[in-house]
Amino acid sequence: MQILKETGIDWHERRLISNLYMAQSVKVRLNRGETRSVKIGRGVRQGCCLSPILFNLYSEYLTKEALEGLGAHKIGGQINHTVKYADNLVVLAKEEKVLQDMIDKLIETGRCYGMEMNLEKTKIMRISRQPFPVKIMIDQKQLENVKYFKYFGSILTNDGRCTCEIKCRIAMAKAALNKKRTLFTSTLDLELRKNLVKCYVWSIALYGAETWTLRAVDQKHLESFEMWCWRRMEKISWTDYVRNEDVLLRVKEQRIILQEIRKWKANWIGHILR
């Protein structure tokens with residue numbers, strides 16, 4: 001409630017939130033009935049629209065207090081200590097000692113707020129051309145260094161490249177097409193089948209493409225995937241020796257997958273700048 005007061009929330013709203021969350025109890029419904037009532041001492045209410053707002057506000061004050069004056073990692077000219085989403089937190093630092101100080105301060109401040117860091121789920125990854133391991137200790141335990149990390153469906157690697165993520169996305173999209181191959185190769189109208197491929201297959205392959213940094217080899221992978229889709233849709237085997245140009249003429253298409261990614265990038269940048 002003190003954080004809500006410092007944020008400038010009016011006392012009427014603070015009292016409403018207090019009455020909604022304080023002294024609440026819960027029962028668990030089982031096959032034989034309900035358990036006895038149990039009081040909830042901390043946390044927010046499951047399914048309440050206020051819960052994510054209150055939690056984000058709480059965690060924002062926690063990290064702001066803990067990391068104030070620490071680190072100098074700049075993005076776009078501004079110092080950014082963390083990347084946050086729900087209860088997931090990424091701590092950014094340029095030096096090992098600075099990162100250790102930030103982690104220590106986060107743990108110390110978090111305990112004052114009644115929160116603990118899950119050591120099993122906490123990983124360290126150094127993104128560099130020479131990604132040497134980083135030694136970060138928490139309660140006399142060294143955190144695990146990883147070469148890649150899956151974060152909200154996207155694979156981040158310690159070389160900072162997107163090749164692994166692109167290959168993984170392409171493999172998932174190919175599996176999705178093969179799963180519904182009878183639909184995509186049916187006697188449906190050509191335009192309808194092309195729209196189905198772009199909607200249900202390309203959307204899997206290009207998930208998060210707005211953030212990709214494409215090298216020449218990555219562009220080749222994507223263009224090869226584009227042609228693979230049209231060949232599978234038209235039941236053209238690689239042993240048929242049909243040129244890509246002839247395949248594009250059959251499906252009445254051009255190579256557009258890279259243009260789509262560039263368009264998505266432009267829209268995404270415009271959204272951020274707004």
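Modeller: A residue counts as buried when its relative accessible area is under 20%, and Trp-230, with a relative accessible area of 0%, is therefore buried. Please keep in mind that this is a predicted model.

Biologist: Which aromatic pair does Trp-230 form, and how is such a pair read?

Modeller: In general, a pair of aromatic rings is described by the distance of the centres and the angle of the planes. Here the count comes to 2 aromatic pairs. The rings of Tyr-58 and Tyr-113 have planes at 70° and centres 5.3 Å apart, so this pair is edge-to-face. Because Tyr-58 belongs to helix H3 (residues 51–67) and Tyr-113 to the loop between helix H4 (96–112) and strand S9 (123–124), the pair ties together parts that are 55 residues apart in sequence. Trp-230 pairs with Trp-202 in a tilted arrangement, 5.7 Å centre to centre and with 50° between the planes. That pair links distant parts of the chain, with Trp-202 in helix H7 and Trp-230 in helix H8, 28 residues apart.

Biologist: Is Trp-202 buried or exposed, and what of the two tyrosines, Tyr-58 and Tyr-113?

Modeller: Trp-202 has a relative accessible area of 4% and is buried. Tyr-113, at 17% relative accessibility, counts as buried, whereas Tyr-58, with a relative accessible area of 31%, is partly exposed.

Biologist: Helix H7 also meets helix H5; at what angle do their axes cross?

Modeller: The general idea is that two packed helices are described by the angle between their axes and the distance between the axes. In this model the axes of H5 (residues 163–179) and H7 (residues 190–205) come within 7 Å and cross at roughly 155°. Since angles over 145 degrees count as roughly antiparallel, H5 and H7 are therefore roughly antiparallel to each other, and H5 passes H7 in a right-handed crossing.

Biologist: Which residues of H5 and H7 meet?

Modeller: From H5, Arg-169, Met-172, Ala-173, Ala-176 and Leu-177 meet Val-201, Ile-204 and Ala-205 of H7. The residues of this contact divide into 7 nonpolar, no polar and 1 charged.

Biologist: Turning to the backbone, where is Tyr-241 found, and what is its phi?

Modeller: Tyr-241 is found in the loop between helix H8 (216–233) and helix H9 (244–251), and its phi is near 55°, a positive value in a residue other than glycine. Its relative accessible area is 72%, so Tyr-241 is exposed. Lys-252, in the loop between H9 and helix H10 (257–273), likewise has a positive phi, near 55°, and with a relative accessible area of 64% Lys-252 is exposed.

Definitions and conventions
Residues are numbered from 1 along each chain as its sequence is written. This is a predicted model: local features need pLDDT of at least 70, side-chain atom pairs count only at pLDDT 80 or more; totals for chains, interfaces and linings use all residues. Side-chain values use heavy atoms; hydrogens and water are left out. Axes are lines fitted to C-alpha atoms, for helices over the stretch in contact, and angles run from 0 to 180 degrees between N-to-C directions. Helices (H or I, at least four residues) and strands (E, at least two) are DSSP runs, numbered from the N terminus. Angles under 35 degrees count as roughly parallel, over 145 as roughly antiparallel, 65 to 115 as roughly perpendicular and the rest as oblique. A crossing is left-handed if the near helix is turned anticlockwise from the far one by less than a right angle, and right-handed if clockwise. Contact means heavy atoms within 4.5 Å. Ala, Val, Leu, Ile, Met, Phe, Trp, Tyr, Cys and Pro count as nonpolar, Asp, Glu, Lys and Arg as charged, and the others, Gly among them, as polar. Buried means under 20% relative accessible area, exposed over 50%, partly exposed in between (1.4 Å probe, protein chains only). Rings of Phe, Tyr and Trp (its six-membered ring) pair if their centres lie within 6.5 Å; planes under 30 degrees apart count as stacked, over 60 as edge-to-face and the rest as tilted.
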